[in-house]
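Colleague: I am new to this structure and would like to understand one part of it closely before I look at the rest. Could you choose a single helix, explain how it sits among its surroundings, and then lead me outwards from there?

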Amino acid sequence: MGYIITTPQIHSQTSSSDHFTENDVAKPDPNAYIIPDLLRNWPWPRRLNPHYSVCNAESTAWCEALGAFNSPESQDALNRCASGLLGALTYPLLDKVNCRIGCDLIHLYFILDEYTDIADPISVRHQADIVMDALHHPHTARPAGEWIGGEATRQFWENTIRTASPAFQRRFKDGFKIYTDGVVQQAKDRVQNHVRDIEGYFTLRRDASGMVPCFDLCAIHMDLPDHVLADPAIQKLTLACLDLVIVANDLYSYNVEQAVGEDGHNLVRVVMHEQGSTLEEAVAWISRLNDELVEVFLEEYERVPTQWGSPTLDAHVAEYILGIAYWLRGNEAWSYEGERYFGKEGLEVKRTGVVKIMPSTGESSAAN
């Protein structure tokens, strides 16, 4: 699936918003930058799954019982990120059983990231192989002494397949293979201090972000035929939303990542590196790209056929693409409401758009 990501010139005119104007680039504050309201034209509002409280409690208890984190401080840091909230915000349409699975998936990603983000490529390749083996053998006990990611994946998938449709199971495993391979390549880039160009960055990030399995989970209870997902409009809107998540996450996470020297795999750094631009100019460029992607999504959303041969399939397709739209909004809401990117200042950053640049520590924030 594909569309061409356009690359607007740094000094071309930007779209206006309540949070961002050209003056922010022309007269930058050296100690802060502005994140605009990326979803000001997004028609879908914040929506929390009604089963959030129960699913969050159960999923958090599951994650803590695994003992995947090496210290109480690391587990506490994860809890303050509000992983269960992310699951309930990005899957507001799912029933209780599947909302719990969505929360578990978010916890699983955080567990895997905790280790793969700091490991060398050979170790990450081994970890990726363990994860995929666990997905393919969910009823087989993991070897004694194995890395915890294998057992976490096994338990997650054993629970998921109890209710998930066969079509979802197949696509999820295929998508997770793409994700784990992408994480391995990301590790190779990291040890080589390789900063990709914009096109190459999006190519890798689409895989390593793990977003394809996340979107697939919107259809966990559906047997969507392959020809539905091959529809050109669905492919284009899915890709646009995937890139919108990448854009948003990188803008939100840049400050924390640059402070600990982990911004080599971040779009802000990539744009500055390729364009030779300042931070403010890079943010402006990315903001314009975001607006273009929003337009692509909205246009393609309207082009998706409404009749697929049966009332059930018609309803499933409509629910699936609506779920993808809500995923982006939910991710935005969580980014400000959780503490992963802005600590306790998230709602204030959302209100003003102002991010105060953190001093560089030169130390990795990942737990050992």
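Modeller: Let us take helix H2, where Ser53 and Ala65 are exposed, and please keep in mind throughout that this is a predicted model. Those two residues lie on one side of H2, and the other side is where its buried residues are found. The buried residues are Cys55, Ser59, Thr60, Trp62, Cys63 and Leu66. They count as lying on the same side because the arc they cover around the axis is only 160 degrees. It helps to recall that an α-helix has 3.6 residues a turn, so residues three or four places apart point the same way.

As for its dimensions, H2 runs over residues 52-66, and its 15 residues reach 21 Å from the first C-alpha to the last, close to the 21 Å expected at 1.5 Å a residue. The helix is followed by glycine 67, which has a positive phi, near 65 degrees. What, then, covers the buried residues of H2? The cover includes three other helices, namely H3 (72-81), H5 (96-116) and H7 (148-160).

Two of these neighbours lead us onwards, and we can begin with H3. In the loop between H3 and H4 is alanine 82, whose phi is positive, about 60 degrees, although it is not a glycine. With a relative accessible area of 17%, alanine 82 falls under the 20% limit and is therefore buried. Serine 83 belongs to helix H4, which covers residues 83-90. Serine 83 has a relative accessibility of 2%, so it too counts as buried. Setting aside residues up to four places away in sequence, serine 83 touches Leu78, Ile106, His107, Phe110 and Trp334.

The second neighbour to follow is H5, which is mostly covered, with 18 of its 21 residues buried. From its first C-alpha to its last H5 reaches 30 Å, close to the 30 Å expected at 1.5 Å a residue. Tyrosine 109 lies in H5, and its ring pairs with that of tyrosine 179 in helix H8 (residues 166-191), so that the pair links distant parts of the chain, 70 residues apart. The ring centres are 5.1 Å apart and the planes stand at 85 degrees, so the pair is edge-to-face. Both tyrosine 109 and tyrosine 179 are buried. These two tyrosines also belong to a cluster linked by ring pairs, in which Phe156, Trp157, Phe168, Phe172 and Phe176 take part as well. In the whole structure, a search finds 26 aromatic pairs.

Beyond H8, asparagine 193 lies in the loop between H8 and helix H9 (198-208), and it offers a contrast with alanine 82. Asparagine 193 also has a positive phi, about 50 degrees, without being a glycine, but its relative accessibility is 69%, so it counts as exposed.

We can now turn to the interior, where the largest nonpolar core has 109 residues. Those with the most contacts inside this core are Trp42, Leu105, Phe176, Ile234, Phe297, Tyr320 and Trp334. Helix H12 (residues 232-259) supplies the largest share of the core, 14 residues. Phenylalanine 297, leaving aside its neighbours within four places in sequence, is in contact with Trp42, Trp44, Leu237, Ala240, Cys241, Ile324 and Ala325.

A last buried residue to visit is phenylalanine 342, in the loop between helix H15 (311-337) and helix H16 (346-352). Its relative accessibility is 9%, which is why it counts as buried. Apart from residues up to four places away in sequence, phenylalanine 342 touches Ile35, Tyr252, Ser335, Tyr336, Val349 and Val355.

To place all this in the whole, the protein has 16 helices and two strands. Its radius of gyration is 20 Å, close to the 21 Å that the globule rule gives for 368 residues, so the protein is as compact as a globular protein of that length. The C-alpha trace spans about 60 × 50 × 35 Å along the principal axes, and 55% of the 368 residues count as buried. Finally, among the contacts in the protein with a separation of 6 or more, 78% come from residues 24 or more positions apart.

Notes:
Residues are numbered from 1 along each chain as its sequence is written. This is a predicted model: local features need pLDDT of at least 70, side-chain atom pairs count only at pLDDT 80 or more; totals for chains, interfaces and linings use all residues. Side-chain values use heavy atoms; hydrogens and water are left out. Helices (H or I, at least four residues) and strands (E, at least two) are DSSP runs, numbered from the N terminus. Buried means under 20% relative accessible area, exposed over 50%, partly exposed in between (1.4 Å probe, protein chains only). Contact means heavy atoms within 4.5 Å. The expected span of a helix is 1.5 Å times one less than its number of residues. The arc is that of the directions from the helix axis to the C-beta atoms. A nonpolar core is a set of buried Ala, Val, Leu, Ile, Met, Phe, Trp, Tyr and Cys residues joined through side-chain atoms within 4.5 Å. Rings of Phe, Tyr and Trp (its six-membered ring) pair if their centres lie within 6.5 Å; planes under 30 degrees apart count as stacked, over 60 as edge-to-face and the rest as tilted. The radius of gyration is taken over C-alpha atoms; the globule rule is 2.2 Å times the number of residues to the power 0.38.
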